[in-house]
Amino acid sequence: MKVRQILESKGGELATITPERTIEEAVGELGRRRIGSLVVVDDAGSLIGILSERDVVSAMAEHGMDLTRSHVRDLMTHTVTTCRPDDEVTDVTVKMTDGRFRHVPVMDKGQLVGLISIGDAVKARIQELEHEREALRDYISSG
Ligand code: AMP
């Protein structure tokens, strides 16, 4: 299965944030949207980082619970692994597992077009296995 297929079935908008927003605002977004990460974009909408709930938890462990003076740019990861719509989901899953992160933004011709989470990838794989199982059952019962 291709990344494109997951994006098509997911639909919806991509959750982004700009670097000058506060961590309090970012946490509010994560909570309201019930998601684990925000893609950080500049004013032109270009990808410049990613902020995940893990970054917030790590900062709290290091600096204490009060992050009111921190901004997205202070905690975000700057070097982001991305994928393309034509990539195989299994290859993206390997990138996530090897890199120990659960989110990968999708870029198409230099434009940010979506995000794949480990949950999306696992769901897609389960659907694929289910289809294979049905095809095998049909094949066996028709023989
Ligand atoms: P996550 O497992 O996605 O919540 O993120 C774990 C850590 O990896 C956090 O520090 C994130 O900022 C970082 N991270 C998340 N996604 C990516 C990515 N696609 N490329 C690089 N780092 C990432």
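The questions and answers below concern a predicted model of a protein chain with a bound ligand.

Q: How many helices and strands are there in the chain?
A: Read along the sequence, the elements of this predicted model follow the pattern α-β-α-β-β-α-α-α-β-β-α. The C-alpha trace of the chain spans about 70 × 35 × 25 Å along its principal axes. The chain holds six helices and five strands.

Q: Which residues does UniProt list for "domain: CBS"?
A: The record is an unreviewed UniProt entry, and it lists two spans under this name. The spans given there are residues 8–67 and 76–133.

Q: How far apart do the end C-alpha atoms of residues 76–133 lie?
A: For residues 8–67, the span is 42% helix and 22% strand, and its end C-alpha atoms lie 36 Å apart. The span of residues 76–133 is 47% helix and 22% strand. Its end C-alpha atoms lie 41 Å apart.

Q: In which pocket does the ligand sit?
A: Around the ligand there are 14 residues, of which Ser52, Asp55, Thr77, Arg102 and His103 come nearest. The pocket in which the ligand sits is the second largest.

Q: Which element gives the most to the shell around the ligand?
A: At least two residues of the shell come from each of strand E3 (47–52), helix H3 (53–63) and strand E4 (103–108). With three residues, the element that gives the most is E4.

Q: How many residues of the shell around the ligand are charged?
A: The shell residues can be divided by type. Five of them are nonpolar and five are polar. The charged residues number four.

Q: What distance separates an oxygen atom of the ligand from an N or O atom in the side chain of Asp55?
A: Asp55 is one of the residues that come nearest to the ligand, and so is Arg102. In the side chain of Arg102, an N or O atom is 2.7 Å from an oxygen atom of the ligand. For the side chain of Asp55, the corresponding distance to an oxygen atom of the ligand is 2.4 Å.

Q: How much of the accessible area that the ligand has on its own does the protein cover?
A: A nitrogen atom of the ligand lies 2.9 Å from a backbone N or O atom of Thr81. On its own, the ligand has 480 Å² of accessible area. The share of this area that the protein covers is 90%.

Key. Residues are numbered from 1 along each chain as its sequence is written. This is a predicted model: local features need pLDDT of at least 70, side-chain atom pairs count only at pLDDT 80 or more; totals for chains, interfaces and linings use all residues. Side-chain values use heavy atoms; hydrogens and water are left out. UniProt positions are given in the numbering used here, feature names are shortened, and annotations may be inferred rather than shown by experiment. Helices (H or I, at least four residues) and strands (E, at least two) are DSSP runs, numbered from the N terminus. A residue is near a molecule or strand if one of its heavy atoms lies within 4 Å of it. A polar contact is a pair of N or O atoms within 3.5 Å; within protein, one must be able to donate a hydrogen and the other to accept it, and residues adjacent in sequence count only if both atoms are side-chain atoms. Accessible areas come from the Shrake-Rupley method with a 1.4 Å probe; for residues, only the protein chains shown count as cover. On a 1 Å grid over the protein atoms alone, a cavity is a set of points where a 1.4 Å probe fits but cannot get out, and a pocket is an open set with protein on both sides within 12 Å along at least five of seven lines; lining residues have an atom within 4 Å of a point. A molecule sits in a cavity or pocket if more than half of its atoms lie within 2 Å of its grid points. Ala, Val, Leu, Ile, Met, Phe, Trp, Tyr, Cys and Pro count as nonpolar, Asp, Glu, Lys and Arg as charged, and the others, Gly among them, as polar.
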